[in-house]
Amino acid sequence: MNDAVSPLPDKRALRARMRAERDRFVANGPPPIEAPAAFTERLRPGTIVASYAPLGGEADPAALVAAAIDAGCTLALPHVVDRATPLRFLRWDGVAPLATGPYGLRIPQADWPEVAPDVILTPLVAFDGALNRLGQGAGHYDRAFAAHPEAWRVGVAWSVQRVEALATDPWDVPLHHLITEREWLTR
């Protein structure tokens, strides 16, 4: 576990440090993240699972997506327009080619049907034991969590992304669970 320096570092500095840590980790060929029983047991046919196409060193949710497909779930991906516009979750069949969006993201085509997710698999830059997450800084996922308060929020990260504590803002929404290549964490 990486220890946050006391007092807590500012978010910009922490993001830079944790991205570098994550990049070093993935450079060594990280082990896959497997779908635990605690995840697969909640999946039902028709459940809408929003995932993401990993960018750079982000943890790959492929095994979780495969488990969702095996369970008969409907897949969705976030569609990002810009920093200010809330992301939308658009239905994806798991094979259709993705567009290149802002920040180099691979996103669904803008005209694909919008859906309300039951499960949101969430990338992040850092997390703590209370399952607070530090994202990229645009607030997209916090706004999505607020728009879909009933959705099950599952962070996907590498174990090296854990810090002792994160400073939170009033709009930050903690995760329900988090999975790494080593463990399944519950708040």
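Here is a quick walk through the nonpolar cores of this predicted model and the strand β9.

Start with the main core. The largest nonpolar core holds 49 residues. The residues with the most contacts inside this core are Phe39, Leu43, Phe89, Leu121, Val156 and Leu178. Plenty of elements chip in: β1 (48–50), α3 (62–70), β2 (74–79), β3 (88–92), β6 (119–122), α4 (140–147), β9 (152–156) and β10 (177–179) each give at least two residues to this core. The largest share, 4 residues, comes from α3.

Now pick out Leu43. If you skip the neighbours within four places in sequence, Leu43 touches Val49, Ala67, Ala68, Ala71 and Cys73. Apart from the largest core there's another one, made of 7 residues, including Met18, Val125, Val163 and Leu166.

On to β9. Its residues are buried, 5 of the 5, so β9 is largely enclosed by the rest of the structure. Trp152, Val154 and Val156 point one way from the strand, while Arg153 and Gly155 point the other way. Arg153 is buried along with the others.

Which strands does β9 pair with, and how do they run? The table sets the two pairings out.

| Strand pair | Bridges | Direction | Residues facing each other |
|---|---|---|---|
| β6 and β9 | 4 bridges | parallel | Leu121 and Val154 |
| β9 and β10 | 3 bridges | parallel | Val154 and His177 |

So keep an eye on Val154 in the viewer: this β9 residue is the bridge partner of Leu121, and Val154 also stands opposite His177 in β10.

Conventions. Residues are numbered from 1 along each chain as its sequence is written. This is a predicted model: local features need pLDDT of at least 70, side-chain atom pairs count only at pLDDT 80 or more; totals for chains, interfaces and linings use all residues. Side-chain values use heavy atoms; hydrogens and water are left out. A nonpolar core is a set of buried Ala, Val, Leu, Ile, Met, Phe, Trp, Tyr and Cys residues joined through side-chain atoms within 4.5 Å. Buried means under 20% relative accessible area, exposed over 50%, partly exposed in between (1.4 Å probe, protein chains only). Contact means heavy atoms within 4.5 Å. Two strands pair if DSSP finds at least two bridges between them.
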